[in-house]
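Here are my notes for someone opening this structure cold. Have the sequence and the 3D view side by side while you read.

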Amino acid sequence: METPSRIRPTRPGEAAALRRIEVAAGRCFIEVGLAEVADHPPHSIAQHTQYCRLDRSWVATDGRGRAVAFLVAGVVDGNAHVDEVAVHPSHAGQGLGRALIDHLGEWADDCGLPAVTLTTFVDVPWNAPYYERIGFRRLRESEWGPELARIRWDERERGLDDSPRTAMIRPG
């Protein structure tokens with residue numbers, strides 16, 4: 001298994017590779033009884049291209065410079081927000097997700113944003129329990145800003161709360 005060479009901004013034209021990573025990573029949800037998550041379509045080429053255009057997309061590369069993990073982000077309620085982070089299963093367990101999230105934390109600091117937020121599944125081992133280990137804490141609903149509340153509402157409407165989800169924050 002190759003080691004990652006670095007975290008870098010996503011390059012124009014890498015959207016198809018990111019979609020493949022997202023689909024492969026999504027299949028891992030089948031193992032925990034969330035086949036509907038695995039069946040959820042990946043971000044479109046246009047969506048990935050837009051993240052890239054906004055400088056809110058980063059990849060972790062293998063030793064040959066190929067993307068093997070990615071993170072796309074937004075700004076939600078004045079915080080950096082993980083819209084999606086995905087690691088190809090062939091590169092799981094190497095710290096790539098954490099490296100991408102740490103990179104987003106640095107980006108947030110550079111932009112004057114006080115924290116990083118995300119929404120995730122409560123009971124999936126590589127979701128909320130993992131994020132707690134790397135410094136996130138669960139937010140009470142009363143702590144949600146209006147934009148985060150809207151994200152959670154949209155997730156409920158899409159049926160994602162059939163397995164409990166939570167919103168989390170990691171201060172900068």
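The points below go from the sheet to the cores and then to the aromatic rings.

1. A word before you start: this is a predicted model. Residue numbers count from 1 along the chain as its sequence is written.

2. Begin with the sheet. It is open, has seven strands and mixed pairing, and runs in the order E1-E2-E3-E4-E5-E7-E6. What are its edge strands? They are strand E1 (7-9) and strand E6 (137-138), each of which pairs on one side only.

3. Next, look at E3 and E4, which pair in the antiparallel sense over eight bridges. These two strands form a hairpin with two residues between them, and Asp 77 in the turn has a positive phi of about 55 degrees. To find your way along the pairing, use two bridges: Val 75 has Ala 80 of E4 as its partner, and Val 72 has Glu 84, also in E4.

4. On the other side of the story, E4 and E5 pair in the parallel sense, over two bridges. His 81 has its bridge partner in E5, namely Thr 117. Is E5 mostly covered or mostly open? Mostly covered: seven of its seven residues are buried.

5. Helix H3 (residues 45-53) packs on the sheet, where it touches E2, E3 and E4. The direction of H3 makes about 70 degrees with that of E3.

6. Now for the nonpolar cores. The largest one has 23 residues, and those with the most contacts inside it include Trp 58, Leu 71, Ala 80 and Leu 104. Strand E2 (57-61), strand E3 (67-76), strand E4 (79-87), helix H4 (96-110), E5 and H5 each give two or more residues to this core. Which element gives the largest share? That is H4, with six residues. As a general point, nonpolar side chains tend to be buried together in soluble globular proteins.

7. Ala 80 is a handy place to zoom in. Leaving aside neighbours within four places in sequence, Ala 80 is in contact with Gly 74, Leu 104, Trp 107, Ala 108, Leu 113, Ala 115, Val 116 and Thr 117. Besides the core that Ala 80 belongs to, there is a second, separate core of nine residues, and Ile 21, Ala 25, Tyr 51 and Val 72 are among them.

8. Ala 69 is worth a look too. This residue lies in strand E3 and is buried, with a relative accessible area of 0%. Not counting residues up to four places away in sequence, Ala 69 touches Ile 21, Trp 58, Val 59, Ala 60, Ala 86, Val 87, Leu 96 and Leu 100. Thr 119 is not on that list of contacts; Ala 69 and Thr 119 are 50 residues apart in sequence and 18 Å apart in space, C-alpha to C-alpha.

9. Turn to the aromatic rings, where the count comes to five pairs. Why is the pair of Phe 29 and Trp 126 called edge-to-face? Their planes are at 65 degrees, and the cut-off for that label is over 60; the ring centres are 5.3 Å apart. Phe 29 is in the loop between helix H1 (15-26) and helix H2 (35-38), while Trp 126 is in the loop between strand E5 (115-121) and helix H5 (128-133), so the pair ties together parts that are 97 residues apart in sequence. Phe 29 is buried, at 11% relative accessible area, whereas Trp 126 counts as partly exposed at 32%.

10. Tyr 131 and Phe 136 make another edge-to-face pair, 5.6 Å centre to centre with 70 degrees between the planes. Both partners are covered: Tyr 131 counts as buried at 8% relative accessibility, and Phe 136 counts as buried at 4%. Tyr 131 and Phe 136 are also among the residues with the most contacts inside the largest core.

11. Last, a small cluster to look up: ring pairs link Phe 29, Phe 121 and Trp 126. Over the ring of Phe 121 sits the charged end of Arg 165, 4.5 Å from the ring centre.

Notes: This is a predicted model: local features need pLDDT of at least 70, side-chain atom pairs count only at pLDDT 80 or more; totals for chains, interfaces and linings use all residues. Side-chain values use heavy atoms; hydrogens and water are left out. Rings of Phe, Tyr and Trp (its six-membered ring) pair if their centres lie within 6.5 Å; planes under 30 degrees apart count as stacked, over 60 as edge-to-face and the rest as tilted. Helices (H or I, at least four residues) and strands (E, at least two) are DSSP runs, numbered from the N terminus. Buried means under 20% relative accessible area, exposed over 50%, partly exposed in between (1.4 Å probe, protein chains only). A charge sits over a ring if NZ of Lys or CZ of Arg is within 6 Å of the ring centre and within 35 degrees of the ring normal. A nonpolar core is a set of buried Ala, Val, Leu, Ile, Met, Phe, Trp, Tyr and Cys residues joined through side-chain atoms within 4.5 Å. Contact means heavy atoms within 4.5 Å. Two strands pair if DSSP finds at least two bridges between them. Axes are lines fitted to C-alpha atoms, for helices over the stretch in contact, and angles run from 0 to 180 degrees between N-to-C directions.
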